[in-house]
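The following paragraphs go through a structure step by step, from its cysteines to its core, a buried charge and some backbone angles. Please keep the sequence and the model in view while reading.

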Amino acid sequence: MNKQSETGVFPVVIGIVGGIAAGKSFVTKEFIAQGAEHFDADKEAKELYNLPSVVSEIKKRWPTVVDSKNVVDKSRLAQIVFSPTEQGARELSKLNALLHPILNGAFITWLKKRQDARLVILDAPLLLEAGMDSLIDYLVYVDADFAVRQKRAVERGWEPDEIIRRESRQLPLCEKKERADFCVNSSSSSSQVREQVAKIVATLFQGSR
């Protein structure tokens, strides 16, 4: 099912995927500079942890990560679901099954309010894993060398092996890249990234006024 048939609206929707710390946020900003509207799925997902229904389900499954004020300790939850074990994989699957349908619905609702938009960017860290590829028209893969990504992650305060641990629970990057319609190399300079994004937008709207 393509995006138009599922949502009933017709802006061109681009999904952004890539490895952790690959530069997806910068690439997204460049698309916004080209006139795109932006749905930040990561931000929306964090807001889901404030929903009473979501907190209730998390408390049932992982009672130790919810405090007496019903606040979810996302760091502790991450330690459970990203544990490099089969149990960790099962726990992550349970969490995704809870959050992804709500997130998908939130995007569809958001998109239906933007029927006059020309271009929309769906920035979702687990876009393919969440099945949100049915809601997009094109997929852009943001590429960067592992050493570059690891350095960026460490600068954020992550442990050096955290990227490996988390990405082991996601689709392989080679598969994401293979499924993409376009690729942006974010290891290059800012101006070169800007040029790559502008070229993609020009290609999408070639011949239109």
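A disulfide is a pair of cysteine sulfur atoms within 2.5 Å. By that criterion this model, which is predicted, holds 0 disulfides. The sulfur of Cys174 has its closest cysteine sulfur in Cys183, and because the two are 13 Å apart, they are too far from each other for a bond. Cys183 is likewise in no disulfide. Cys174 is exposed, with a relative accessible area of 59%, while Cys183 is partly exposed, at 39%.

The interior comes next. The largest nonpolar core has 40 residues, and those touching the most other members are Ile58, Val72, Leu77, Phe107, Leu122, Leu127 and Met132. Two or more residues each come from β1 (12-18), α3 (41-48), α4 (52-61), α5 (74-81), α6 (86-112), β3 and β4 (138-143). The largest contribution is that of α6, which gives 9 residues. Met132 shows what such a position looks like: leaving out residues up to four places away in sequence, Met132 touches Leu103, Asn104, Phe107, Leu122, Ala124 and Leu127. Another core, of 20 residues, lies apart from the largest one, and its members include Ile14, Phe182, Leu204 and Phe205.

Strand β3 (residues 119-123) also contains a charged residue, Asp123. What is the nearest side chain of opposite charge to Asp123, and how far away is it? It is that of Lys24, at 6.3 Å. A salt bridge requires a side-chain nitrogen of Lys or Arg within 4 Å of a carboxyl oxygen of Asp or Glu. Asp123 has no salt bridge, although it is buried. Beyond its neighbours within four places in sequence, Asp123 is in contact with Ile16, Thr28, His38, Phe39, Asp40, Ala41 and Asp42.

Two loop positions remain, and both concern the backbone. Most residues other than glycine have a negative phi. Ala21 is not a glycine, yet its phi is positive, about 60°. Ala21 sits in the loop between β1 and α2 (24-33). Is Ala21 buried or exposed? With a relative accessible area of 3%, Ala21 is buried. Asn70 has a positive phi as well, of about 65°, and is not a glycine either. The loop that holds Asn70 runs between α4 and α5. Asn70 counts as partly exposed, at 41% relative accessibility.

Methods
Residues numbered from 1 in each chain as written. Predicted model: local features only at pLDDT ≥ 70, side-chain atom pairs only at ≥ 80, totals over all residues. Heavy atoms only, no water. Helix = DSSP H or I, 4+ residues; strand = E, 2+ residues; numbered from the N terminus. Buried < 20%, exposed > 50% of the residue type's maximum accessible area, 1.4 Å probe, protein only. Lys, Arg positive; Asp, Glu negative; His and termini not counted. Contact = heavy atoms within 4.5 Å. Core = buried A, V, L, I, M, F, W, Y, C linked by side-chain atoms within 4.5 Å.
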